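Work through the following exercises with the coordinates open, and compare each step of your reasoning with the solution given below it.

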Amino acid sequence: MTAIGIHDIELATAHHVVDLADLAEARGVDPAKFQKGLGQDEFSFPAPDEDVVTMGATAAHRLLERTGTEGVRTLMFATETGVDQSKSTAVYVHKLLDLPGEVRSFELKQACYSGTGALQAAIGIVARNPEERVLVISADVARYEMNSPGEPTQGAGAVAMLVAADPALVEIDPASGVYSEDVDDFWRPNDSTTAVVDGGLSITAYLKSVEKAWKDLEQHGGPSISDIKAFVYHQPFTKMARKAQAHLAQVTGAELNDGALDTGSVYNRRMGNSYTASLYSALTSLLHHEDDLTGKRVGLVSYGSGSVAEMLTGIVKADEDTRRRVRDKVLGMLDGRVRLSVPDYEGLHEKTMPSADDTDTPRVTGSPFRFAGIRGRARHYERV
Ligand code: HMG
């Protein structure tokens with residue numbers, strides 16, 4: 001059977017950052033609640049000329065600079081913060097990246113899960129035509145109401161992956177475990193810019209799904225838990241990965257590698273929740289920071305509220321130098337974000353951009369792509 005998986009991976013995030021110590025002070029909360037209780041230090045926040053399209057295009061541009069576009073005939077964009085009810089984010093990115101017309105481009109949605117659905121669909125396409133490669137982008141902006149319990153778990157980010165035969169980075173195993181159940185734990189109605197969430201229910205629904213997906217993986221010929229060197233998890237806040245791992249350890253009776261919870265959350269602690277991109281920024285963080293991973297098996301735990309979960313495993317192929325080659329660039333990108341005061345963040349959070357008004361957005365982002373504004377109800381993007 002052809003080995004298929006993630007050939008290369010790249011990250012992007014938003015221009016601004018909010019320090020959770022500042023937010024804690026403004027909200028009259030002990031900063032330790034955010035930093036230790038939730039495991040978050042900062043969150044990324046988009047400038048007015050940024051959105052999931054600009055972040056996704058930036059991550060993909062950085063990726064394709066290394067890999068080229070040869071063989072790419074499919075672009076899938078996974079997001080739950082799409083910019084239009086009909087036209088997909090993938091089509092905007094297709095143009096920004098100047099891809100040839102002979103590429104199918106479309107969007108997928110199921111809360112934070114759909115990046116994993118896209119990865120599995122991409123593997124299916126490559127299995128059928130091993131000379132094809134698939135560009136998978138996951139990008140989201142996590143927004144909750146101001147002053148709500150979800151506020152410190154906001155964030156923004158994008159991950160682009162090239163899925164190919166004989167992958168250089170991570171070969172994904174054929175077996176996976178899945179679980180779906182209709183739960184009203186988190187959703188965003190069409191007329192709302194912020195998510196509606198039942199925090200307590202969302203945590204128990206996530207943990208139940210981890211258990212169910214693990215049992216399904218076992219029943220479908222997955223590896224033994226002792227063969228998995230490290231797990232990475234969807235991280236709405238990094239403490240959630242600790243809760244999930246503790247639950248998995250309890251269910252399986254295994255002793256799991258808790259060090260990987262640190263190496264797999266370096267970026268997430270600083271970007272905040274990036275919904276569909278969260279698991280894959282955790283994977284990137286693990287690949288960049290965990291020692292002795294080459295040739296070892298990792299577990300990927302995906303959860304999207306509503307709810308769908310999937311547990312994948314894969315073998316890390318790349319050596320340490322290859323895995324770490326862009327680590328300093330990612331850290332530089334996070335260090336280079338422009339800090340917002342809490343009042344400035346609140347001003348941006350409140351701002352809406354109705355599609356009926358022609359608008360030119362101010363030039364703020366340092367990314368290669370920007371959302372230029374609205375003309376005749378259509379969104380316009382440009383390469384900077
Ligand atoms: P909350 O009610 O503000 O927090 O909301 P809490 O009172 O439960 O405290 C949180 C933790 O901080 C607790 O630790 C406290 O003990 C600790 P835990 O018991 O959980 O281990 N704490 C402190 N620690 C140190 N020093 C202190 C201190 N004070 C308290 N002084 C909640 C928390 C997560 C519910 C809220 O942030 C929320 O609603 N977030 C959004 C929903 C969410 O992220 N759910 C996660 C699972 S669902 C999911 O992952 C899917 C999602 O990504 C969406 C999608 O799929 O699209 C969300």
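**Exercise 1.** Is Arg375 buried, partly exposed or exposed, and at what relative accessibility?

*Solution.* The model is a predicted one, in which local features need pLDDT of at least 70 and side-chain atom pairs count only at pLDDT 80 or more, while totals for chains, interfaces and linings use all residues. Residues are numbered from 1 along each chain as its sequence is written, and side-chain values use heavy atoms, with hydrogens and water left out. Buried stands for under 20% relative accessible area and exposed for over 50%, with partly exposed in between (1.4 Å probe, protein chains only). Arg375, at 39% relative accessibility, therefore counts as partly exposed.

**Exercise 2.** Identify the residue with which Asp360 forms a salt bridge, and place both partners in the secondary structure.

*Solution.* A salt bridge requires a side-chain nitrogen of Lys or Arg within 4 Å of a carboxyl oxygen of Asp or Glu. Asp360 meets this criterion with Arg375, their closest N and O atoms being 3.0 Å apart. The pair links distant parts of the chain, since Asp360 belongs to strand 15 (residues 359-360) and Arg375 to strand 16 (residues 369-375), 15 residues apart. Helices (H or I, at least four residues) and strands (E, at least two) are DSSP runs numbered from the N terminus. Asp360 itself is exposed, at 57% relative accessibility.

**Exercise 3.** Find the salt bridge between Asp262 and Arg242, and state how far apart the two residues are in sequence.

*Solution.* The side chains of Asp262 and Arg242 meet with an N to O distance of 2.6 Å. Asp262 sits in helix 8 (residues 259-263) and Arg242 in helix 7 (residues 238-252), 20 residues apart. Asp262 is partly exposed at 46%, and Arg242 is partly exposed at 36%. The search of the whole structure finds 27 salt bridges.

**Exercise 4.** Which residues does UniProt list for "active site", and how does the side chain of Glu80 reach Cys112?

*Solution.* The unreviewed UniProt entry lists Glu80, Cys112 and His234, in the numbering used here, with feature names shortened and annotations that may be inferred rather than shown by experiment. Glu80 lies in the loop between strand 4 (72-78) and helix 4 (89-96), and Cys112 in the loop between strand 5 (104-108) and helix 5 (114-128). Both are buried, Glu80 at 13% and Cys112 at 10%. The side chain of Glu80 reaches the backbone nitrogen of Cys112 at 3.1 Å.

How values were computed. A polar contact is a pair of N or O atoms within 3.5 Å; within protein, one must be able to donate a hydrogen and the other to accept it, and residues adjacent in sequence count only if both atoms are side-chain atoms.
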